[in-house]
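The exercises below concern a single protein chain. Each one sets a task and then works through a solution step by step.

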Amino acid sequence: MKIIDYPIIMKDVLSVQDFITLHDEFKYTGWNLNNKAYTDGKKEDDRLGWQSNQRLNNLHVFKCGSIIKLKLKKILKQDLILIRCHSNGQTTGQTSKFHIDYNADNIWTVILFLCKDWNTEYGGEFTVHNHHTNEYKYVPYIPNTAALIPSNWYHKGSDPNVTCDKLRMTAAFSYSSIESFDTVKHLKGVQRFL
């Protein structure tokens, strides 16, 4: 079995129209500042963060999740089920902590960089820790680019730096292999969508 070198970077993940529609749905439905963040698949953290008012069960979110799933099937060579859609927003000074999404094998998370007008000078990079090599890998925040990682790898999104007056938005899609779904369906936040 070949070991995949994560994160896998996917550029131009969605068509321009699908990306703009997804961006606009999140941007224009508003965000709430809250003090709870979903981490480690079981507990809530007390950091400030932004949560979208957008309901993550609309048809366009599922369409984008399906497009991404088809691309992942080619990479992972497995049948997959979309089990979770999640959004995140950060402004300058809202640092995040390293966390895992699920403490289980055969679950993957795709982090989609959702801002369409983003300058990489703003920061906001994504960091993942490869526990096999004990190395950290950094992915610059580039619109309509996504990073694929195993959901049980520690990762975080960096907040924008002081040159930025925008909200850093991401959409995360988590997928389980069909064979593993019965063993992970009890985990917090897991649903079967597609």
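**Exercise 1. A tyrosine in a loop**

Task: decide whether tyrosine 102 is buried, partly exposed or exposed, and place tyrosine 102 in the chain.

Solution. The model is a predicted one. Tyrosine 102 has a relative accessible area of 1%. The cut-off for buried is under 20%, so tyrosine 102 is buried. Tyrosine 102 sits in the loop that runs between strand 6 (80–90) and strand 7. Its C-alpha atom is 8.6 Å from that of tryptophan 153, although the two residues are 51 residues apart along the chain.

**Exercise 2. Two helices**

Task: describe how helix 1 and helix 2 cross.

Solution. Two packed helices are described by the angle between their axes and the distance between the axes. Helix 1 covers residues 16–27 and helix 2 covers residues 59–76. Their axes come within 10 Å, and the crossing angle is roughly 135°. That angle makes helix 1 oblique to helix 2, since roughly antiparallel would require an angle over 145 degrees. The hand of the crossing between helix 1 and helix 2 is left-handed.

**Exercise 3. Salt bridges**

Task: state how many salt bridges there are, then locate the partners of lysine 137, lysine 116 and lysine 73.

Solution. Counting nitrogen–oxygen pairs within 4 Å gives four salt bridges. Three of the lysines are taken in turn.

- Lysine 137 pairs with aspartate 5, with an N to O distance of 2.9 Å. Lysine 137 belongs to strand 9 (residues 135–139) and aspartate 5 to the segment before strand 1 (8–10), so this pair links distant parts of the chain, 132 residues apart. At a relative accessible area of 24%, lysine 137 is partly exposed.
- Lysine 116 pairs with aspartate 24 at 3.6 Å, N to O. Lysine 116 is in the loop between strand 7 (107–113) and strand 8 (126–130), while aspartate 24 is in helix 1, so the bridge ties together parts that are 92 residues apart in sequence. Both ends are partly exposed: lysine 116 has a relative accessible area of 32%, and aspartate 24 has 24%.
- Lysine 73 pairs with aspartate 79, with the closest N and O atoms 3.3 Å apart. Lysine 73 is partly exposed at 30%, and aspartate 79 is partly exposed at 40%.

**Exercise 4. Backbone geometry**

Task: find where the peptide bond between tyrosine 6 and proline 7 stands in terms of omega, and compare the settings of asparagine 106 and asparagine 144.

Solution. The bond joining tyrosine 6 and proline 7 is cis, with omega about 0°. Proline 7 lies in the segment before strand 1. Asparagine 106 has a positive phi, near 65°, without being a glycine. Asparagine 144 also has a positive phi, of about 60°, and is not a glycine. Asparagine 106 is in the loop between strand 6 and strand 7, whereas asparagine 144 is in the loop between strand 9 and strand 10. Asparagine 106 is partly exposed at 34% relative accessible area, but asparagine 144 is buried at 6%.

**Exercise 5. A surface patch**

Task: name the residues of the nonpolar surface patch and place tyrosine 154.

Solution. The patch is made by Phe98, Tyr136, Tyr138 and Tyr154 and has an area of about 460 Å². Tyrosine 154 falls in the loop between strand 10 (146–150) and strand 11 (155–157). With 42% relative accessibility, tyrosine 154 is partly exposed. Patch residues need over 30% relative accessible area, and the 42% of tyrosine 154 fits that requirement.

Notes
Residues numbered from 1 in each chain as written. Predicted model: local features only at pLDDT ≥ 70, side-chain atom pairs only at ≥ 80, totals over all residues. Heavy atoms only, no water. Patch = residues over 30% accessible without salt bridge, like charges linked within 9 Å, V, L, I, M, F, W, Y side chains within 5 Å. Areas by Shrake-Rupley, 256 points an atom, 1.4 Å probe, with all protein chains shown as cover. Salt bridge = Lys/Arg side-chain N within 4 Å of Asp/Glu carboxyl O. Helix = DSSP H or I, 4+ residues; strand = E, 2+ residues; numbered from the N terminus. Buried < 20%, exposed > 50% of the residue type's maximum accessible area, 1.4 Å probe, protein only. Axes fitted to C-alpha atoms, helices over the stretch in contact; angles between N-to-C directions. Parallel < 35°, antiparallel > 145°, perpendicular 65-115°, else oblique. Left-handed = near helix turned anticlockwise from the far one by under 90°.
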